[in-house]
Amino acid sequence: ILKAIDGGDCGVLNLPHHRGNRGGHMSQEYENAKKLYSKYLVFEVKETKYSQMPANTILEQDVEPNSVVKPGHKIQVVLSKGPKMIDVPPLDNGFTESQAKAILEEKSFSSQTKLVYSDTVQEGYVIKTEPAANTACKEGSTVLIYISRGKMTTQVKLPDINGKKESEAKKMLEDLDLVVKTATRNSEMPEGTVVGMDFSPNTVVETGSTITVDAQHPGNGGEV
């Protein structure tokens, strides 16, 4: 607050404190400060710069608190341009978690990660970000990175398919979301009969696993 000295031609700056021992017009909106103190001071904008304060907030001034000045003294101030806005970079085109974090850090963002299942994105790679790519955000804000855990899998127990027809055994396994290959084996069982597989019955495997079924067929053995 600027008070004129009675009977004099100067004024006394008795400025309010702000953030510890700092004071003055700092943290005030520029136009409001001009209206309040234009009777005593001439304001001049020295520069503007990005900050976390709202745009046009006074960040710095060249007159110290409690200074004695003449009316009409010129005070230079530094104004806030507001937070710097930066576009979130696109990271969903083949970047790993570590690469994505490095890119965001380079762009002055902080980051957090969230692991989610994906049927289309390889494990360990970026699925998307939040906010989305090309969204303008404040410098230093946090971007959430969704990282693929790969496909969601479940475990199933293999049935006993020995002695079953090849087509029946194949359907039983495919109904469990397993991939089936067949191999021929010579035996005394009727043609097309399953005589074994590459895992024992009741073995627990993940869905999507490949199971080789051995079936009786005439001729040389081999996978089909």
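The paragraphs below go through a predicted model, from its overall make-up to its side-chain pairs, one helix and some backbone details.

The protein has 224 residues, of which 34% count as buried. Its secondary structure comes to three helices and 17 strands. Among contacts with a separation of 6 or more, 67% join residues that stand 24 or more positions apart. The exposed area is about 13600 Å², and carbon and sulfur atoms supply 47% of that area.

Aromatic rings come next. A pair of such rings is described by the distance of the centres and the angle of the planes. The structure holds one aromatic pair. The partners are tyrosine 30 and phenylalanine 43; their ring centres lie 6.1 Å apart and their planes stand at 85 degrees, so the pair is edge-to-face, given that an angle over 60 degrees counts as such. Tyrosine 30 belongs to helix H1 (residues 30-37) and phenylalanine 43 to strand E3 (residues 41-49), so the pair ties together parts 13 residues apart in sequence. Both partners fall under the 20% limit for burial: tyrosine 30 has a relative accessibility of 9% and counts as buried, and phenylalanine 43 counts as buried at 13%.

Two other tyrosine rings have a lysine over them. Lysine 81 lies over the face of tyrosine 50, at 4.3 Å from the ring centre. In the other case, the charged end of lysine 128 sits over the ring of tyrosine 146, at 4.7 Å from the centre of that ring.

Lysine also takes part in pairs with acidic side chains. Side chains of opposite charge can pair when their charged atoms come close. In the whole structure, a search finds six salt bridges. One of them joins lysine 49 to glutamate 60, with the closest N and O atoms 2.6 Å apart. Since lysine 49 lies in strand E3 and glutamate 60 in strand E4 (residues 58-61), this bridge ties together parts that are 11 residues apart in sequence. Strand E3 thus holds a member of the aromatic pair, phenylalanine 43, as well as a member of this salt bridge, lysine 49. Lysine 49 is partly exposed, at 32% relative accessibility, and glutamate 60 is also partly exposed, at 31%.

The six salt bridges also include one between glutamate 168 and lysine 164, where the N to O distance is 3.9 Å. That distance qualifies because the cut-off is 4 Å. Glutamate 168 has a relative accessible area of 40% and is partly exposed; lysine 164, at 26%, is partly exposed too. A further bridge links aspartate 175 with lysine 171, whose closest N and O atoms are 2.9 Å apart. Aspartate 175 is exposed, with a relative accessible area of 53%.

What is buried in helix H3? The helix covers residues 166-174, and its buried residues are Glu166, Ala169 and Leu173. They span an arc of only 65 degrees around the axis, which puts them on the same side of H3. The general geometry is as follows: an α-helix has 3.6 residues a turn, so residues three or four places apart point the same way. The cover over the buried residues of H3 includes strand E13 (179-185), strand E14 (194-197) and strand E16 (210-216).

The remaining points concern the backbone. Most residues other than glycine have a negative phi, and most peptide bonds are trans. The bond from glutamate 130 to proline 131 is cis, with omega near 5 degrees. Proline 131 is in the loop between strand E9 (126-130) and strand E10 (136-138).

Which residues other than glycine have a positive phi? Serine 108 is one of them, with phi near 70 degrees. Serine 108 lies in the loop between helix H2 (97-106) and strand E8 (110-116), and at 34% relative accessibility this serine counts as partly exposed. Aspartate 177 is another residue with a positive phi, near 60 degrees. The loop that holds aspartate 177 runs between H3 and E13, and E13 is among the strands that cover the buried residues of H3. Aspartate 177 counts as exposed, at 52% relative accessibility.

Methods: Residues are numbered from 1 along each chain as its sequence is written. This is a predicted model: local features need pLDDT of at least 70, side-chain atom pairs count only at pLDDT 80 or more; totals for chains, interfaces and linings use all residues. Side-chain values use heavy atoms; hydrogens and water are left out. Helices (H or I, at least four residues) and strands (E, at least two) are DSSP runs, numbered from the N terminus. Buried means under 20% relative accessible area, exposed over 50%, partly exposed in between (1.4 Å probe, protein chains only). Contact means heavy atoms within 4.5 Å. Accessible areas come from the Shrake-Rupley method with a 1.4 Å probe; for residues, only the protein chains shown count as cover. Rings of Phe, Tyr and Trp (its six-membered ring) pair if their centres lie within 6.5 Å; planes under 30 degrees apart count as stacked, over 60 as edge-to-face and the rest as tilted. A charge sits over a ring if NZ of Lys or CZ of Arg is within 6 Å of the ring centre and within 35 degrees of the ring normal. The arc is that of the directions from the helix axis to the C-beta atoms.
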